[in-house]
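Work through the exercises below with the model open. Each task is followed by its solution.

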Amino acid sequence: AKGQGRNNFQCFTSSMNEKVSERLLLETGLRDALLRDEFELYYQPQYDFARNRLSGCEALIRWNSPSGMVMPDRFIPLAEETGLIISIGAWVLEEACRQGELWNRDSVEPLSVAVNVSAVQFRPELVDEVRNVLDSTGFDPELLVLEVTESVLMSDVDSSVLLLQQLRDLGIRIALDDFGTGYASLAYLKRFVLDKLKIDRAFIMGIPEDRDDVAITSSIIDIARHLNIMTVAEGVETEAHCEFLRAAGCNLAQGYYFDKPLSADEFTQRLK
Ligand code: C2E
Ligand code: CA
Ligand code: CA
Ligand code: CA
């Protein structure tokens, strides 16, 4: 029994060591990734129900590390903890606007580009960053959407209200991401000046079988419409999702049913 205990302990420490060294490896790699130009943006199309066409996209970061492609859920939290998200986020913003400007230059229909903003980036300096990127890339502010989550806004409501106002004064749009999963109450929809609500995939998944998900989704769409806020459904995977959302009056849809996130080249092909 004693021997076994020691074995367990060894297993425990070696798996802890693995975690620590994996994290160290990830962190070292992450520090160099910008210099080595290893990040890449993928773009997931968003479809407009009323106009029956692609009207925009969401930029989603990928890390082409020396040991293969790393998805954001694996490195964004670490980038946030280490503060690296500030420089990574600045790169994402600039790259998305640069690409967005290129696409809009040879397109008749305007194409919006949405960029995810982490809590760490959501600070007063963001206003100047966005203004500078708009200036340097020439991207139309009205086509830039910043996606923030409820928890980002709720950590300091008064500052958030002010910051959102300053961002919107630049002419850009704000989307509330993962709506319904956080703890923002409906009252905040009035205080935060928002252009779009993204209905979280967790609710879309249950449509049409789960009566609660159906009720929640259609209520969100109704409330948003009355507040003059556009709705975007995320994680739209089936025709049934699509039919329900269209009938419920949802404005935009994004998900595997239409397209998975595409590389810039693939997206350019899709536009043709
Ligand atoms: P998110 O903002 O909620 O992005 C949507 C995620 O759902 C993406 O995962 C997308 O690939 C995935 N998705 C899209 N359609 C479907 C579908 O039909 N079914 C399912 N099951 N999933 C779908 P991804 O690209 O792995 O990104 C994960 C998260 O990482 C994002 O969640 C976002 O929070 C974060 N993220 C991605 N790019 C950035 C970035 O540039 N900056 C920051 N700060 N965060 C980012
Ligand atoms: Ca998002
Ligand atoms: Ca989301
Ligand atoms: Ca999400």
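**Exercise 1.** Find the distance between a polar side-chain atom of glutamate 237 and a nitrogen atom of ligand 1.

*Solution.* The model is predicted. Start at the side chain of glutamate 237: one of its polar atoms lies 2.5 Å from a nitrogen atom of ligand 1. Next, take the cover. Alone, ligand 1 exposes 800 Å², and the protein buries 84% of that area. Finally, place the ligand: ligand 1 sits in the largest pocket.

**Exercise 2.** Describe the shell around ligand 1: which elements give two or more residues to it?

*Solution.* Begin with the elements. Strand 2 (53-65), helix 2 (72-82) and strand 6 (173-179) each give two or more residues. Strand 2 gives the most, with four residues. Then count the surroundings: 22 residues surround ligand 1, and among the closest are Gln44, Arg62 and Arg201. Last, sort by class. The shell has nine nonpolar, five polar and eight charged residues.

**Exercise 3.** Trace aspartate 177 and aspartate 178 from ligand 1 to the calcium ion (ligand 3).

*Solution.* Take the ligand side. A side-chain N or O atom of aspartate 177 is 3.2 Å from an oxygen atom of ligand 1. For aspartate 178, the corresponding distance to an oxygen atom of ligand 1 is 3.4 Å. Now turn to the metal. The protein donors of the calcium ion (ligand 3) are Asp177 (OD), Asp178 (OD) and Glu234 (OE), with Glu234 (OE) listed twice, at 2.2 to 2.7 Å. Their sequence spacing is D-D-x55-E. Close with the second ion: the calcium ion (ligand 2) is 3.8 Å from the calcium ion (ligand 3), and aspartate 177 coordinates both.

Terms used
Residues numbered from 1 in each chain as written. Chains lettered and ligands numbered in written order. Predicted model: local features only at pLDDT ≥ 70, side-chain atom pairs only at ≥ 80, totals over all residues. Heavy atoms only, no water. Near = heavy atom within 4 Å. Polar contact = N/O pair within 3.5 Å; in protein donor to acceptor, adjacent residues only side chain to side chain. Areas by Shrake-Rupley, 256 points an atom, 1.4 Å probe, with all protein chains shown as cover. 1 Å grid on protein atoms, 1.4 Å probe; cavity = no way out; pocket = protein on both sides within 12 Å on 5 of 7 lines; lining within 4 Å. Sits in = over half its atoms within 2 Å of the grid points. Nonpolar A, V, L, I, M, F, W, Y, C, P; charged D, E, K, R; others polar. Donors = N, O, S within 2.8 Å, 3.2 Å for Na, K, Ca; no water.
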